[in-house]
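Reader: Please take a close look at one part of this protein and set out its surroundings. I would like the cut-offs stated with the values.

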Amino acid sequence: MPNIISDDLLVRSYSMALTALESRLSFINYLLRKDDDINSPHNSVVIPIPSRFNDAEDVVPTSAPAQGENMQPTSATITINRWKKKGFAVSDAEADSIANGILGSQNQAAINAIARTVVKDVLGTAYKRAYQAVGVPGQIPFQTGMAVAGQARKKLNRAGADAMDRFMLLDSDADGEAAILPAFNEMQSAGADALYTMRTGEVGVKAGFTFAYNGYLEEAAKHTNGTAAPGLYIVNGAGQAIGSTSLVVSTGALAPNEGTLFTIAGDPQEYVCNAGCTTTLWSIAPALRVSPVNGAVVTIRGAAAAGGFTYQSLAFGREAIAFASRPDSAVITPGTMIMQVPDRNSGLVLALEVSRQNMQTMFQYSIRYGFTVCRPELLVRVFGATE
């Protein structure tokens with residue numbers, strides 16, 4: 001028998017794994033991407049973001065050449081600084097099965113691990129930047145109707161989100177409740193789309209959102225505030241400046257974790273704690289919109305106990321998060337076959353290395369990617385159950 005790795009083994013294990021990865025990372029299709037140079041490896045990718053123009057001007061005929069508005073499109077720079085892998089060895093019998101078109105359980109487990117890692121990385125970072133939230137901590141969304149979708153829609157409207165590119169990723173609890181809402185699955189309420197929802201359990205496009213279930217969201221967006229119940233803080237000192245990204249507080253027990261949401265009495269703005277907060281000085285986003293009065297009550301949102309956590313779903317506009325995946329540089333290693341094919345549908349670049357060892361075959365799946373939260377105002381957290 002020739003000492004080579006068959007093309008069937010390489011190609012089929014790659015194509016089946018890429019299909020599996022795309023299905024588990026379907027939320028990538030909802031993010032801002034730039035795929036025109038996807039075949040070239042880069043350390044960074046610049047993705048244009050459309051400018052937000054002022055109101056239109058009156059037309060005044062004149063001999064002078066027309067002048068455009070002096071604006072440059074904004075952009076998001078993504079550093080390709082993540083490189084994740086999973087490797088495993090299979091027996092010759094398992095390798096033959098893969099070559100015949102059956103994706104092995106080890107292959108599937110490796111792809112699941114990579115997908116879970118990417119979701120926890122991207123969405124686990126993104127939700128901590130979101131300072132807007134809807135729903136009630138401890139109450140599963142959609143148990144009593146579509147109110148939370150309407151509330152999230154209002155917040156995205158005010159933030160200037162594109163009306164056509166809005167998405168809502170649901171955790172297990174929220175998805176289970178949404179799928180049985182009359183507004184989604186009863187013919188008199190949902191029309192022709194109801195039959196699809198009843199058959200598949202997928203909600204689809206409703207109330208201006210593309211709804212999608214994400215099986216890893218419970219891990220990715222499960223948040224612990226870190227503050228002890230009752231978590232009462234007050235503003236310490238008058239005259240804290242509008243535009244400041246720090247807030248001086250007192251009387252609170254424990255320092256809040258990154259991603260903890262709060263409000264300040266007398267200020268309608270919602271805020272989020274950045275990393276590095278202490279019990280008396282918080283780094284916050286967005287910057288203070290109102291100068292708080294001394295002694296104003298600071299109300300922590302979410303689970304109150306220090307060890308308690310809140311499950312969350314996530315509503316957002318496409319421009320909230322930018323994502324890029326790029327290939328590795330091509331390195332030829334004797335005895336190893338490498339395959340990586342940039343996929344224009346998903347923007348993902350999965351790499352597979354297959355090498356022969358002692359009486360077994362080694363598989364290594366990997367992915368290089370990066371992301372950035374470019375418009376956090378287009379992210380809205382949807383509170384769910386607490387524990």
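Author: The answer begins with the whole chain, turns to a charged pair and its surroundings, and then covers a helix and some aromatic rings.

This is a predicted model, in which local features need pLDDT of at least 70, side-chain atom pairs count only at pLDDT 80 or more, and totals for chains, interfaces and linings use all residues. Residues are numbered from 1 along each chain as its sequence is written, and side-chain values use heavy atoms, with hydrogens and water left out.

The secondary structure comes to 9 helices and 19 strands; helices (H or I, at least four residues) and strands (E, at least two) are DSSP runs, numbered from the N terminus. Of the 387 residues, 46% count as buried, where buried means under 20% relative accessible area, exposed over 50% and partly exposed in between, with a 1.4 Å probe and protein chains only. Contact means heavy atoms within 4.5 Å. Of the contacts with a separation of 6 or more, 76% are between residues 24 or more positions apart.

The charged pair is D328 and R368. D328 is in the loop between β15 (321-325) and β16 (336-340), while R368 belongs to strand β18 (residues 361-373). D328 is buried yet has no salt bridge, and R368, its nearest side chain of opposite charge, is 4.1 Å away. R368 is likewise buried without a salt bridge. A salt bridge requires a side-chain nitrogen of Lys or Arg within 4 Å of a carboxyl oxygen of Asp or Glu. For charge, Lys and Arg count as positive and Asp and Glu as negative; His and the chain ends are not counted.

Leaving aside neighbours within four places in sequence, D328 is in contact with W83, Q340, A351, S366 and R368. With residues up to four places away not counted, R368 touches a list that includes P41, H42, I80, W83, A324, R326 and D328.

V45, in strand β1, has I80, A324 and R326 among its contacts beyond four places in sequence. V45 is buried, with a relative accessible area of 2%. V45 and I80 are 35 residues apart in sequence and 7.5 Å apart in space, C-alpha to C-alpha.

Next comes the helix. Helix α4 (residues 147-159) has 13 residues and reaches 19 Å from its first C-alpha to its last, close to the 18 Å expected at 1.5 Å a residue; the expected span is 1.5 Å times one less than the number of residues. Its buried residues are V148, A149, A152, K155, L156 and A159. They lie on the same side of α4, because they cover an arc of only 125° around the axis, taken from the directions from the helix axis to the C-beta atoms. Strands β5 (166-170) and β19 (379-386) are among the elements they pack against. Just after α4, G160 takes a positive phi of about 85°.

The structure holds 11 aromatic pairs. Rings of Phe, Tyr and Trp (its six-membered ring) pair if their centres lie within 6.5 Å; planes under 30 degrees apart count as stacked, over 60 as edge-to-face and the rest as tilted. Y30 and F167 are stacked, at 4.4 Å centre to centre and 15° between the planes. This pair links distant parts of the chain, with Y30 in the loop between α1 (7-24) and β1 (44-49), F167 in strand β5, and their positions 137 residues apart. Y30 is buried at a relative accessible area of 14%, and F167 is buried at 4%.
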